[in-house]
Amino acid sequence: MSLVEFPRDFGMYARQNLSAILTTLLFILTLFLAVGICSDLKVLVRLSDGQITEETLEADSERDVITVEFKQGDGTLITVLADFKRHVKIFRALVLGEPERGQTQYQALCFITHLDAREFIPTESMARLRQKNSHVVRSADEKRGVEQLRMDVGVNLTHAWHLSAHIRNACGEAQQAYTSQEDVTRWTARGVDRSMFEVQLPQVPTDHQQPPTAAPAPPPPPVCSSGAAGPWQPCLCSYHLRLEWYPCLLKYCRGRGPSPYKCGIRSCSKGFRFTFPTPWRQLCLWDEEAEGEGA
């Protein structure tokens with residue numbers, strides 16, 4: 001008998017232990033990869049009314065998605081999602097309701113527009129962003145104007161996955177998701193199924209609208225802020241939001257080498273005004289307040 005004698009089933013135990021070790025290592029590696037793929041950054045931002053809010057910027061380089069989320073001074077939760085793979089941008093606003101005026105706890109608004117990839121820095125660059133002083137309140141380097149958006153087409157959320165897989169989750173609480181005729185034309189030209197835009201809504205009038213050449217179309221509903229419609233009558237609503245701080249450009253510096261290198265970001269601020277038809281003026285009470293304030 002030798003000085004060391006192993007049991008007959010030692011090989012089985014060794015294989016089991018090796019398998020457990022490999023499984024653990026694979027799990028740890030997966031965690032490291034997940035951290036590298038998805039990251040978020042919290043930044044203190046000064047709003048246009050002077051209040052300070054905490055803005056969360058999340059970048060998922062695997063799905064090629066950037067999400068910006070913050071609360072406005074009135075408590076409205078704003079979420080902006082940029083889907084670079086499908087060239088789709090989603091705006092969601094959870095507006096606090098006024099129960100004393102017959103509204104629910106909150107109202108969800110959802111607007112879907114075409115994404116120009118140059119609006120934000122790339123997802124990989126966003127995922128690598130870090131800040132040295134988390135207590136510093138940020139203001140944008142460049143303040144851009146307000147983009148006017150006529151949201152005159154409804155989106156069928158049941159088929160919205162044809163356009164972007166993120167629309168259903170982002171807009172699920174909204175009574176209606178809106179987009180524009182211009183973006184519908186752009187997306188269908190790329191092969192998106194037109195059936196998801198089956199809900200046609202009254203067209204929002206413009207100052208340069210030409211008179212119809214065929215039979216006259218029914219007049220559009222009145223503007224909600226004019227007070228011409230009753231509380232339970234349709235009207236054209238307007239909602240404004242401003243994305244106060246977001247990384248819009250990469251900065252490049254020149255070192256000793258021949259090629260410039262990334263050395264920072266440039267931040268932007270931009271406003272968006274959405275005009276869309278609503279079935280009841282009761283769902284657009286903020287438009288009355290904005291008109292009263294002279295906005």
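**Exercise 1. Find what lies between S3 and S4, and work out how these two strands pair.**

Step 1: Start at the turn. S3 and S4 make a hairpin with five residues between them, and glycine 75 in that turn has a positive phi of about 95°. Strands here are DSSP runs of E with at least two residues, and helices are runs of H or I with at least four residues, both numbered from the N terminus.

Step 2: Look at the pairing. S3 and S4 run antiparallel and are joined by seven bridges; two strands pair if DSSP finds at least two bridges between them.

Step 3: Pick out one pair. Glutamate 69 has threonine 79 in S4 as its bridge partner.

A word on the model before going on: it is predicted, local features need pLDDT of at least 70, side-chain atom pairs count only at pLDDT 80 or more, and totals for chains, interfaces and linings use all residues. Residues are numbered from 1 along each chain as its sequence is written, and side-chain values use heavy atoms, leaving out hydrogens and water.

**Exercise 2. Now go to S2 and S3, and check the turn residue.**

Step 1: S2 and S3 also run antiparallel, with five bridges joining them. Glutamate 58 is partnered by threonine 67 of S3.

Step 2: These strands form a hairpin with four residues between them. Aspartate 64 sits in the loop between strand S2 (52-60) and strand S3 (65-71).

Step 3: Check phi. Aspartate 64 has a positive value of about 60°, although it is not a glycine. For background, most residues other than glycine have a negative phi.

**Exercise 3. Decide how enclosed S3 is.**

Step 1: Set the cut-offs: buried means under 20% relative accessible area, exposed over 50%, and partly exposed in between (1.4 Å probe, protein chains only).

Step 2: Count. Five of the seven residues of S3 are buried, so the strand is largely enclosed by the rest of the structure.

**Exercise 4. Which is buried and which is partly exposed: histidine 87 or serine 267?**

Step 1: Histidine 87 lies in the loop between strand S4 (77-83) and strand S5 (88-96). With a relative accessible area of 32%, histidine 87 is partly exposed. Its phi is positive too, near 55°.

Step 2: Serine 267 belongs to strand S12 (residues 261-278). At 3% relative accessibility, serine 267 is buried.

Step 3: See what serine 267 touches. Leaving aside residues up to four places away in sequence, its contacts (heavy atoms within 4.5 Å) include Ser139, Asp141, Trp245 and Cys248.
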